[in-house]
Each structure stands twice: as C-alpha cells, then as structure tokens.
Amino acid sequence: MKLDVNGQVHDIASEPDTPLLYVLRDELHLNGAKYGCGLGQCGACTVLADGEAIFSCVTPVAALGGRRITTLEGLGTAARPGAVQRAFIEEQAAQCGFCIPGMIVRAEALLRAHPDPTEAQIRTALQPHLCRCGTHMRILKAVRRAAKA
Amino acid sequence: MTLIVAACASTEAPRPKVAAPRPAADKALLARGEALAALGNCRTCHTLPDGKSYAGGVPFKTAFGTVYSTNITPDVESGIGAWTEAEFIRAMREGVDREGHNLYPVFPYDHFTHVTDDDDRAIYAYLMSRTPVKARHPHNELVFPVNIRASMSVWKKLYFKPGPHQDDPARSRAYNRGAYLVDGLGHCGGCHTPRNAAGAEVPGRELDGGEAEGWHAYAINARSQAPTPWTEATLTAYLKHGWQADHGVSRGPMAPVTDELGDVPEEDLRAIATYLVTLMGSRAAEPAPAAAQAAPSEGAAIYAGACAQCHDGTQPLPFGGIALPQSIGVSGESPRNLFNVILYGLPPAEGEAAPMMPAFEGALDDRQLTQLAAWLRVRFSRREPWTEAQLEHELREARRKGGEGARYPAGGNAIDPAKGS
C-alpha cells in the first residue's frame, strides 16, 4: 500500500495490520515517534493523521491509506525547528525527553484547531500523555509560548 | 391546555425560607441514609464535574429542553435547608417541591414514590447533615407548555402511579428487597426501560433496555443479551466493584452508579442481584462462534492492529481488555455502546489505578468503524449480524451525541484486582 508521510508518498511493504508506529520507525526510519507502552496509554507515539492526533502504536497502517500522516520530523528540523518545537526548546521543556515528541505533536494538533487555547483546553489536550520525569509546568508554558508565537 | 394548567396549579402560598429543624445526629440513621443515598445515586445527577457533592447544577437535555438539577445540600437559600422532613418525604412520594409545585420527572419520583417513609427519613437526615453549599443554577430552558410546571399535572395523571412498593408474598425476602430497591430508590428503569414520546417509561416494558446520555442501557430482564448469563454472585461482584471477570468493566453512565454502590451493604447488592437474575431467568452460556464464520475484511486488520493487544483475552481484567466473545458491547442489540467506547475510549480516573481505553475518534473514519463493528459482531458474537443501516445510524448518533456520557472513568476505581472474579 501507499502511505503519505510528511508530504512524501511511500510504498509500504509491511502487513496491513501492522501498527503505524512500526512502519514509521522500522521501515521509514522516522524515529521521532517513540514506543512507550504499545497500548495507546502513554502518548509517546502520537502522530497526526489529517491533522488529528492519533496513537500510532494502536493504529494499523491499513486504516491510514489516503490520509496524510505528519510526524515530529514533519514539523521542522534541528536546524529549522517549527514553532511548537522552538517553544519547547526555549522553555527547556524536556527532561529525559522520551514523551516530548508526542506532546509536541499533540500541541500542534491543539493549536491548529484552537490557535488561542485556554489553560483548561491545553491541560485537557495533553491529558492522554504520561510524563514520568516531570517538566509538566514547562510543557504547559511551552504550549502557551507556541500559541503566542 | 391553558384551562387544565390553571386548574392544576398549586394553591399553596409561598413561604419564607427559614432553616428547618435539623434531625437529631443519630450515627446509625446517618450511615443508613448515606447507603440509601448511594443506592439512589443522588450524587451523580446532583453534582457537577469538579463541583461540590449534592450542590446540583447538572444540565439534563431532554426532548423538551434543558432541566438543571437542584442543590440538595442544606443551604437555606439555595438548597433544601428550609425543607422540613415532611416536605422532603412529600417530594419523594408525590413529585412536588416545598410549595407544592410539580417537579419535572427528570427527578425520578415515578420510582421514588415507592420508597418507604423510614428510608426517606434516613436520606433526609443524611442530606441535612452535609455541609451547606451556596449554589444557584440557571433556570430550566423548556418549551411551551412543558415550561409551566402545572402542565406536569397532565403528565402525572397519565403516567405517574404513586404509592408504596408491594411485596410478592410468594417470593423470598431477598427477592422482595431487591425488587423494592430496583423499582424504587435504585430507579434502574430510569435508564434501562424504554421511554415514550412524552418521556415516560413505557408500561409493560420495564427493564427491556433504554437509553442514557447517548448510551444504550442494556435489557436487564429476560431479554438480556449478555453472552455469559449473569449469576447472583457475578452481578453482586459487578455492582460492588464496577467490574467482573466474565462481563467486563462498567462504563459510560453506569460507571458512576457502580462507584456509588461500592460502599453499600453487600446484602442490598445481593438482593438487587437476586431480583434481577430471577427476571433474567437461567440459560446456558453460549459458546463463542468459530473464527471461520467471519469473512476476512478490513475490520480484521483493524482488530489485529488496534484492538488485539488488549482484547485477545490474555491480559486479566480489569486492566486488560475484555475478551470480545464475553463483551455485551459486541453482543448487545445495538452497536451504539461499541461505537461509543471505540470513538471516545474510557478516560483514565485521575490519580487512581483504573481501567482505561484509548479513544480512536481521530484514527478511524466512519467506513472503517462500521467495517470493524460488523466484523467484530460476526467474529465474536452468535447474535444476528447488525444491518448496514443500523450500523450507520448508530454511528451517526454516537458521533452526534459527542460522547457526553463517555466522560466518566470506567468502573473499578481503586480496586483490588484479586476481587471481582
């Protein structure tokens, strides 16, 4: 099948029931999305499908033909980070950093739908994401900063 | 209509609000009142999310407009602090407020009328012992003529059968206790009985299955579709813990019900189970359908990639997902609840270990969702396949309601996984 990732169409060899996360990491070598729990409970694997945040670890690639996937890599590069990525860097919002790609992608989805979110909207949006180290206040600040950028 | 309305309007004059005499603080009475308030699940309808318990203000969207639940804390101005015990009992018995005006049957007095004076007294004592909360709420937004409270007299004449519960002398004490709790304070029929166009429970169809906050409330009588028949022991455990190994976790609007029941005397829960299991009757558990029955479809691939990790039956409940041959979501008469859980998931409980499920709202489109549901039904249930029209309609409804009743964390909060089996 064909899969549109970050604006590029790829031929996918994996079985149709393979979760998108494995296709991204193992076949396309896009390692931005992380494997955390594999059960859709931690949010580290979050990517966008047509702008909506989804858990790539529990979404089979068969469900995504014809949808535009955006991963962390699609939001910017190390040299030219996107607005949300820049805000996370400026607020130093990562501690161990494992959960941050999912948080950044989720924040991107939030800000596309609500460019000026309330504090409650930010907290509700980030609710599906677990962070075990604890930069929560910085993460919230980064999302607020990105909204103002 | 105007004439009828005028004729039925209350004639009692408004009375000033002064604090009613408080019942004596009797520990045993308060404990009984607390258990009864939990059995009646007063808290869920009378408490806003993140609001103070019993302070009301929850909007109920009916076909006739929105009704806001009232403040039932003992605040004199905005709550029931001025209500005497007799006025409280009259409200439960007859569905009228302190001044005799009709209450809307969103407050289930069609059931509460069966509650004994003794039980009403205990509930009153318990509520009056709570911390008073000052909380005023928006006025109800109802269409004419329903917006005139007196119009409820017509409704009451047609649908309200006041009076105490009648025991069946041929049945056991537990059965009669269960019937009293189910038909009265528990007001199970409020959700589990279908309603007519006037919003009244359809006589003769008690517990045949109804609707609650966008969820199908399953039949809990002889029409029960549970793939594994309920027993007194499994139903008691489910009501107590919010989950049971053969049946899964309580979810949607049932989750707060089982949360409330957790601390109720087990004897009462067993009585409810005795009564309901008698209504359901006994039948043999059905074997799961053979894999070969389901033709390969896109639904199979979605199940393998999205559902099987948790639902293949290898992870124990309540934290693992239920094996789908045991799921009433898959075997129930309507696919509504299956769509609700797939679309909106089961939100995690804050600060507690509790079952959860991720939401697939953004991941799967309508065609994929209907294909998945159709495939799950054929693969994991012995019931008739759902029709395409039924699948499309129920999915549309599940989306239209936007998961309003999906905000509740699943049952089984703070549970010991060793229980419930």
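1. Two strands are taken to pair if DSSP finds at least two bridges between them, and helices (H or I, at least four residues) and strands (E, at least two) are DSSP runs, numbered from the N terminus. On that footing, strand E1 of chain B (residues 59-62) and strand E2 of chain B (residues 65-68) run antiparallel and are joined by four bridges. The connection from E1(B) to E2(B) is a hairpin of two residues, and B:Lys61 has B:Thr66 in E2(B) as its bridge partner.

2. The model is a predicted one, in which local features need pLDDT of at least 70 and side-chain atom pairs count only at pLDDT 80 or more, while totals for chains, interfaces and linings use all residues. Residues are numbered from 1 along each chain as its sequence is written, and chains are lettered from A and ligands numbered from 1 in the order in which they are written.

3. The hairpin strands belong to an open sheet of three strands in chain B, with the order E1-E2-E3 and antiparallel pairing. E1 and strand E3 (141-142) of chain B stand at the edges with a single partner strand each, so one side of each has no neighbour in the sheet. Two bridges link E2(B) to E3(B), and B:Thr66 has B:Glu141 as its bridge partner in E3(B).

4. Chain A holds five helices and five strands, and from the N terminus on its elements follow the order β-β-α-β-β-β-α-α-α-α. Its radius of gyration, taken over C-alpha atoms, is 15 Å, close to the 15 Å that the globule rule (2.2 Å times the number of residues to the power 0.38) gives for 149 residues, so chain A is as compact as a globular protein of that length. Along the principal axes, the C-alpha atoms of chain A fill a box of roughly 40 × 25 × 25 Å.

5. Of the 149 residues of chain A, 46% count as buried, a residue being buried if 20 or more other C-beta atoms, placed from the backbone, lie within 10 Å of its own. Two residues are in contact if their C-beta atoms, placed from the backbone, lie within 7 Å; among contacts in chain A between residues at least 6 apart in sequence, 60% join residues at least 24 apart.

6. Where the chains meet, the contact takes 14 residues from chain B and 18 residues from chain A. On the side of chain B that touches chain A, helix H13 of chain B (residues 298-311) gives the largest share, eight residues. By class, that side of chain B has nine nonpolar, four polar and one charged residues, where Ala, Val, Leu, Ile, Met, Phe, Trp, Tyr, Cys and Pro count as nonpolar, Asp, Glu, Lys and Arg as charged, and the others, Gly among them, as polar.

How values were computed: A residue is buried if 20 or more other C-beta atoms lie within 10 Å of its own, exposed if 12 or fewer, and partly exposed in between; C-beta atoms are placed from the backbone.
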